[in-house]
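Colleague: I have just opened this entry and would like to go through it with you. Could you take my questions one at a time?

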Amino acid sequence: MDAGNTLSAPQGPVKSSEGQVIIEAMNMLGYDAMALGAQDLPLGIEALRKRMAEAKFPILSANLTIAEGGQLFASPYVIKEMAGHRIAIIGLTGSDQSSGSPPSQKGPFVVKEPIETAKRYVKEVSAKADIVILLSNVGLPLDQKISEQIPGIDIIIGGQTRSLLTPTRHTEKGAVIAQAGYRGEWIGSMQVEFDARGNVVNFQGQTVALAPEYSDDAQMREFLNRIQGKP
Amino acid sequence: MRAFRRYLLWSGALIALSTLWLAGCAAQGLMVAPKPTPAAPSPIAQQAPSPTPTPGPLSLLLLHTNDTAGELEPCG
């Protein structure tokens, strides 16, 4: 999973392809879902729609709307079945706003206040799924608030604040929150045990630094050489 | 011999009469094959669907990234 701020870059093949090479790499890696981040929005409506069509995984946001018309830009959530469990993954897009502030306009988009949006969708998916994961681009302080204020979320995979956070419960009964740094220098790994009713009974994890001791995957190296114009 | 010939005559006459009678019945629609009656619903089909089996415990390995923009840029 990816918690957003992934598709745009200041220069190079990511910029020139408007994030297409990132989606190609994510398809190769077998991602299951991604949340749209605040820093993905400068790509604009047309390019983002192309990226969403190319992705073999859902790109989600429950609080990103199109300014003209007010409709949601992406699917708010996806539900996946696994071993008899139904797992809901909700996407949230970040912005500079704090909780309770009015929606903020970003170009052709409006990012709606995340906590009320999360409340609404957690309630909606709780009737359809027994495990709820929030793929959140709103940043760690808001993730902690969401965990405190909204029951029913099992896991929050966060982004935007570029925090290195191994899986942690912010409050005794709150969601397990994790975040994996930035720039692909780390990958978050979390092992979670659920009981038959979908409650988290145990979890552990780490942020793994993708240091040189991990050898390159041959297929990915070939792909990187191709997009960087290397022989 | 005569008795045998008489037997043949009577048998032939009976067969001919039976054939004529059957043809007459068929013409009047009396011999239409009965329509197949719909099969009685299976007692299994009438039962309420069995409840979905309760899922067991689940062990999930989640791998995640964020804010990766720029990681594919050439170094230096």
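Modeller: Let us begin with one pair of residues. In β9(A), the residue bridged to A:L135 is A:I157. Please keep in mind throughout that this is a predicted model.

Colleague: How does the chain get from β8(A) to β9(A)?

Modeller: The path leaves β8(A), passes through helix α5 (residues 140–149) of chain A and arrives at β9(A). This β-α-β crossover is right-handed. The strands β8(A) and β9(A), the latter covering residues 155–157, run parallel and are joined by 3 bridges.

Colleague: Which other strand does β8(A) pair with, and in what sense?

Modeller: Strand β5 (residues 85–92) of chain A pairs with β8(A) in the parallel sense, over 6 bridges. One partnership to look for is that of A:A88 with A:V132 in β8(A).

Colleague: Is β8(A) mostly covered or mostly open?

Modeller: Strand β8 of chain A, residues 131–136, is mostly covered, with 6 of its 6 residues buried. Both faces are covered. On one side lie A:I131, A:I133 and A:L135, and on the other A:V132, A:L134 and A:S136, all of them buried.

Colleague: Changing topic: what is the strand order in the open sheet with antiparallel pairing?

Modeller: That sheet has 3 strands of chain A in the order β3-β7-β6. Its edge strands are β3 (64–66) and β6 (104–106), each of which pairs on one side only. From one strand to the next, the twist averages 30°.

Colleague: How many bridges join β6(A) to β7(A)?

Modeller: There are 3 bridges between β6(A) and strand β7 (residues 109–111) of chain A, and the two run antiparallel. Within this pairing, A:S104 stands opposite A:V111 in β7(A).

Colleague: Now some single residues. Where is A:E18, and is it buried or exposed?

Modeller: A:E18 is placed in the loop between α1 (12–16) and α2 (20–29) of chain A. A:E18 counts as buried because it has 20 C-beta neighbours inside 10 Å, and the cut-off for buried is 20 or more.

Colleague: Which residues does A:E18 contact, leaving aside its neighbours within four places in sequence?

Modeller: A:E18 is then in contact with A:L43 and A:A47. Another pair to look at is A:E18 and A:L48, which are 30 residues apart in sequence but 8.4 Å apart in space, C-alpha to C-alpha.

Colleague: Which residues other than glycine have a positive phi?

Modeller: Two examples are A:Q160, with phi near 80°, and A:R183, with phi of about 55°. A:Q160 is in the loop between β9 and β10 (164–169) of chain A, while A:R183 is in the loop between β11 (176–180) and β12 of chain A.

Colleague: Why does A:Q160 count as buried and A:R183 as partly exposed?

Modeller: A:Q160 counts as buried because it has 28 C-beta neighbours inside 10 Å. A:R183 counts as partly exposed because it has 16 such neighbours inside 10 Å.

Colleague: Let us turn to chain B. What elements does it have?

Modeller: Chain B has 2 helices and 1 strand, and along the sequence they follow the pattern α-α-β. Of its 76 residues, 11% count as buried.

Colleague: How many residues of each chain take part in the contact between them?

Modeller: The contact takes 22 residues from chain B and 45 residues from chain A. On the side of chain B that touches chain A, the residues divide into 11 nonpolar, 8 polar and 3 charged. Strand β12 (residues 186–194) of chain A also pairs with β1(B) in the antiparallel sense, over 7 bridges. There, A:F194 has B:L58 as its bridge partner in β1(B).

Colleague: And what are the confidence scores?

Modeller: The model scores ipTM 0.94 and pTM 0.80. Chain B averages a pLDDT of 62, and 21% of the residues score at least 70. Among the elements of chain B, strand β1 (residues 58–64) has the highest mean pLDDT, 97, and helix α2 (residues 43–46) the lowest, 51.

Colleague: Over which stretches of chain B is the pLDDT below 50?

Modeller: Residues 25–34 of chain B form one such stretch, with 3 contacts in the model beyond near neighbours in sequence. Another is residues 71–76 of chain B, with 15 contacts counted beyond near neighbours in sequence. Where pLDDT is low, the predicted coordinates should not be read in detail.

How values were computed. Residues are numbered from 1 along each chain as its sequence is written. Chains are lettered from A and ligands numbered from 1 in the order in which they are written. This is a predicted model: local features need pLDDT of at least 70, side-chain atom pairs count only at pLDDT 80 or more; totals for chains, interfaces and linings use all residues. A residue is buried if 20 or more other C-beta atoms lie within 10 Å of its own, exposed if 12 or fewer, and partly exposed in between; C-beta atoms are placed from the backbone. Helices (H or I, at least four residues) and strands (E, at least two) are DSSP runs, numbered from the N terminus. Two strands pair if DSSP finds at least two bridges between them. A crossover is right-handed if, with the strands pointing away from the viewer, the path from the first strand over the helix to the second runs clockwise. pLDDT is the predictor's confidence in each residue, from 0 to 100. Two residues are in contact if their C-beta atoms, placed from the backbone, lie within 7 Å. Axes are lines fitted to C-alpha atoms, for helices over the stretch in contact, and angles run from 0 to 180 degrees between N-to-C directions. Ala, Val, Leu, Ile, Met, Phe, Trp, Tyr, Cys and Pro count as nonpolar, Asp, Glu, Lys and Arg as charged, and the others, Gly among them, as polar.
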